[in-house]
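Dear colleague,

Please find below the structure I am handing over to you, with its sequence. My notes on its salt bridges, cores and surface follow.

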Amino acid sequence: MTRHKTFRLVVDALLMAIVLLQNIVPFLGYIPLGPFSMTLIGLTVIVAGIALEPRDGALIGGFWGLITFVRTFTSPTSPVAPYVFTNPLVAILPRLLMGLIAGYLYRWVRQRWSSTNAMRLAAGVGALINSCLVLGMIYIFYQTPQVAHAMGATGGKTLGYVLMLSVLTNAIPELLLDSLVAPLIARPLRHKWDRLKA
């Protein structure tokens, strides 16, 4: 086995262990904010996609999605989780695409911009993809009184209103955090990865 393949296996295993830890330890992966939780795990997924390859981002994202799906039945992370994350399309697909698209976008943009700026853009877009897909699928598939109530849509508020509020309280802070922090973590890993592949 070549050195870069060994490095990839080690980093993938380490990132999976981090995702698992972030799901187990309170406030390490999820910060409860109203009906949803602000997720810090997306940062780990994005780092996999931009520090290694898009398929590594998809692997780590899919692993996170699978944990999200399983946790919904055992220990949900938010009041709305038991209603929406029992659907694999909502629980797994956005997380998988988050890492995959962040990886491909970084690959494309770094040919035009500096590596750091490419990482920032890829991280922001990755975070946005996850948030938009999860919230969008909730709006499309779960226009029910139970879900609306679990999300806090009371007193004349609609599900759409609460979802838009979630964009402000969850999606935008996640985007900013991921854009600022991902390059700090991914840059040394990417440098090592590029040297091993050369």
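R190 counts as buried because its relative accessible area is 5%, buried meaning under 20%, exposed over 50% and partly exposed in between (1.4 Å probe, protein chains only). Its partner D194 is partly exposed at 31%. The two side chains form a salt bridge with an N to O distance of 3.2 Å; the term denotes a side-chain nitrogen of Lys or Arg within 4 Å of a carboxyl oxygen of Asp or Glu. Both residues belong to helix 9, four residues apart, or about one turn of the helix. Helices (H or I, at least four residues) are DSSP runs numbered from the N terminus. R110 joins R190 and D194 in a network of salt bridges.

Please note that this is a predicted model, in which local features need pLDDT of at least 70 and side-chain atom pairs count only at pLDDT 80 or more, whereas totals for chains, interfaces and linings use all residues. Residues are numbered from 1 along each chain as its sequence is written, and side-chain values use heavy atoms, with hydrogens and water left out.

The salt bridge count comes to four. In one of them, D56 pairs with R8, the closest N and O atoms being 2.8 Å apart. D56 lies in helix 3 and R8 in helix 1, so this pair ties together parts that are 48 residues apart in sequence. Both D56 and R8 are buried, R8 having 12% relative accessibility. Another salt bridge joins R107 to E53, with 2.4 Å between the closest N and O atoms. R107 is in helix 6 and E53 in the loop between helix 2 and helix 3, 54 residues apart. Here E53 is buried at 8% relative accessibility, while R107 is partly exposed at 35%.

Turning to the interior, the largest nonpolar core (buried Ala, Val, Leu, Ile, Met, Phe, Trp, Tyr and Cys residues joined through side-chain atoms within 4.5 Å) has 31 residues, of which I46, I50, W64 and A182 touch the most other members. Helix 2 gives the most to this core, with eight residues. Apart from it lies another core of 17 residues, including V80 and L163. Leaving aside neighbours within four places in sequence, the contacts of I46 (heavy atoms within 4.5 Å) include M98, A123 and D178.

L20, which is partly exposed with a relative accessible area of 40%, lies in helix 1.

Yours sincerely

Technical notes: Helix = DSSP H or I, 4+ residues; strand = E, 2+ residues; numbered from the N terminus.
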